[in-house]
There are 2 protein chains.
Amino acid sequence: MPTKKPTQRPNQQPARESPQQPTRKKPQVTAAPARRRELLDTAAEVFAEQGYNATTVRKIADHAGMLAGSLYYHFDSKESMLEEILRSFLDELWGGYDTVLEAESGPRETLEALVTESFREIDRHRAAVAIYQKESKQLVAQERFAFLAESQRKFEKAWLSTLERGVAAQVFRADLDVRLTYRFVRDTVWVAASWYRPGGQHSPEEIARQYLSMVLDGIAVREQP
Amino acid sequence: MPTKKPTQRPNQQPARESPQQPTRKKPQVTAAPARRRELLDTAAEVFAEQGYNATTVRKIADHAGMLAGSLYYHFDSKESMLEEILRSFLDELWGGYDTVLEAESGPRETLEALVTESFREIDRHRAAVAIYQKESKQLVAQERFAFLAESQRKFEKAWLSTLERGVAAQVFRADLDVRLTYRFVRDTVWVAASWYRPGGQHSPEEIARQYLSMVLDGIAVREQP
DNA sequence: TAACCTACCAAACACTTGTTAGGGAAGGAC
DNA sequence: GTCCTTCCCTAACAAGTGTTTGGTAGGTTA
């Protein structure tokens with residue numbers, strides 16, 4: 001009664017380059033990643049829109065055109081979907097961040113690059129970012145999501161050290177509480193994921209430019225000589 | 001911490017013959033507000049900490065030292081608790097905002113007053129603000145929570161007009177997208193509820209002061225002799 | 001004294017939740 | 001053809017969900 005017509009989709013390649021062990025019924029981790037990613041993407045959309053707890057596996061299955069039980073052919077559990085979504089997002093995020101940090105530019109250039117990179121990630125992983133924002137606080141308590149805490153520590157260290165370098169180099173103001181500034185910049189950037197829509201009138205780089213202009217120079221008109 | 005699980009499978013059919021009886025007294029709306037507020041406060045804490053959907057009425061009852069069913073002596077439903085929490089918060093918020101707006105000060109003073117008032121509300125209604133931040137987006141769709149949408153419109157109007165007045169008066173920069181600036185300021189302020197803890201080392205006014213300093217003047221050092 | 005009200009408990013109810021077994025259609029491999 | 005793998009469906013399960021009903025201890029009033 002509550003089920004819809006399952007949509008048949010033209011199948012793709014049966015990529016099979018690695019002969020499986022005789023272990024039965026566990027294709028989840030090694031199966032063809034195409035359909036897997038597809039399902040994870042739709043799951044991420046629903047998670048982001050309705051919240052993780054309010055999202056039932058039946059809703060995800062609906063959006064994917066299949067039934068709830070069928071999801072368990074691809075994934076171990078609802079929670080493992082969430083974990084994989086967040087993991088792959090953080091992996092890519094840190095790929096970009098590490099590149100920026102290893103460049104060892106000046107503090108202002110580093111901050112600009114971090115902000116720009118962040119908006120690019122929001123552009124590419126809008127759903128994952130929204131989920132991260134909403135749920136990470138409750139998830140870090142679980143052992144399974146301990147990698148979130150580690151990421152947060154790295155994150156804080158990267159931003160704080162950049163800000164402190166800037167204060168030392170006298171390019172950032174010294175009269176501000178650095179931790180407050182950190183939270184200010186961090187939140188300012190990431191909250192954008194809640195309203196940002198890819199394909200809008202502003203590119204990620206353009207948004208980053210304006211945000212940086214506000215954060216660095218403020219919104220007040222400067223007194224001119 | 002007594003936890004029982006009396007769930008049973010087999011069906012039962014107890015005698016049930018309760019015809020039209022005089023409707024039971026429903027003191028929910030008119031009862032002594034003391035206990036009511038007490039329960040709403042603990043409910044708000046749990047909602048804020050665990051998220052509305054992840055919070056069961058049994059958890060709320062646990063925190064209040066009673067059983068789940070007993071909550072229904074005071075409230076109609078779980079949802080009505082949420083509604084009352086958000087309603088009373090918004091009522092007080094607009095009490096403060098309207099006072100600021102009716103003063104009709106200059107744009108910069110108005111913005112400063114709005115930000116300061118916002119941090120005061122975060123200080124007084126931390127839980128409600130956190131709930132509002134997390135859940136309002138999904139709630140506005142429901143007719144019951146239409147008052148959230150109305151509040152958002154008023155909110156946006158108040159901030160946007162203040163910013164536009166400031167641009168016209170040449171106290172705020174004209175080269176920025178006003179809507180982007182609005183979201184920037186709005187998010188910057190309210191996200192603070194996610195990490196702010198009352199009784200910390202910074203008073204709401206002090207936090208407002210530093211935030212305003214960053215938003216208005218930026219975090220970069222100004223070039224000055 | 002009895003009647004009444006307040007604020008709770010105890011126990012269930014109907015429904016939803018994530019999850020699991022078993023099965024089967026489609027298609028390539030042999 | 002037969003075998004095997006992939007991918008999904010049908011149909012249930014047990015635990016958990018918000019909520020309702022009836023009852024009751026203790027205080028207040030008549």
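Buried area is the accessible area (1.4 Å probe) that two parts lose on being put together, summed over both. The legends below apply this term and others to a predicted model, in which local features need pLDDT of at least 70, side-chain atom pairs count only at pLDDT 80 or more, and totals for chains, interfaces and linings use all residues. Residues are numbered from 1 along each chain as its sequence is written, chains are lettered from A in the order in which they are written, and side-chain values use heavy atoms, with hydrogens and water left out.

**View 1. The interface of chain B and chain A.** About 3,900 Å² is buried between chain B and chain A, and carbon and sulfur atoms give 59% of this area. Contact (heavy atoms within 4.5 Å) joins 41 residues of chain B to 42 residues of chain A. Zero salt bridges are found across this interface, a salt bridge being a side-chain nitrogen of Lys or Arg within 4 Å of a carboxyl oxygen of Asp or Glu.

**View 2. The rotation axis that relates the two chains.** A turn of 180° with a shift of 0.1 Å along the axis lays chain B on chain A with an RMSD of 0.1 Å. This is the relation of a two-fold axis. The superposition is by least squares on the C-alpha atoms of residues with pLDDT of at least 70 in both copies. Within chain B, the residue closest to the rotation axis is B:Gly218, at 1.9 Å (C-alpha). Both copies use the same surface, as 100% of the contact residues of chain B recur in chain A.

**View 3. The helices of chain A.** Chain A contains nine helices and zero strands; helices (H or I, at least four residues) and strands (E, at least two) are DSSP runs, numbered from the N terminus. Of the 225 residues in chain A, 46% are buried, that is, under 20% relative accessible area (1.4 Å probe, protein chains only).

**View 4. Helix H6 of chain A, residues 126-139****.** The end C-alpha atoms of H6(A) are 19 Å apart, which agrees with the 20 Å that its 14 residues should span at 1.5 Å a residue; the expected span is 1.5 Å times one less than the number of residues. H6(A) bends by about 40° at A:Gln133, the angle being taken between axes fitted to the seven residues ending there and the seven starting there. In H6(A), 11 of the 14 residues are buried, among them A:Arg126, A:Tyr132 and A:Leu139. Their cover includes helices H1, H4, H5, H7 and H8 of chain A, together with helix H6 of chain B.

Conventions. Buried means under 20% relative accessible area, exposed over 50%, partly exposed in between (1.4 Å probe, protein chains only).
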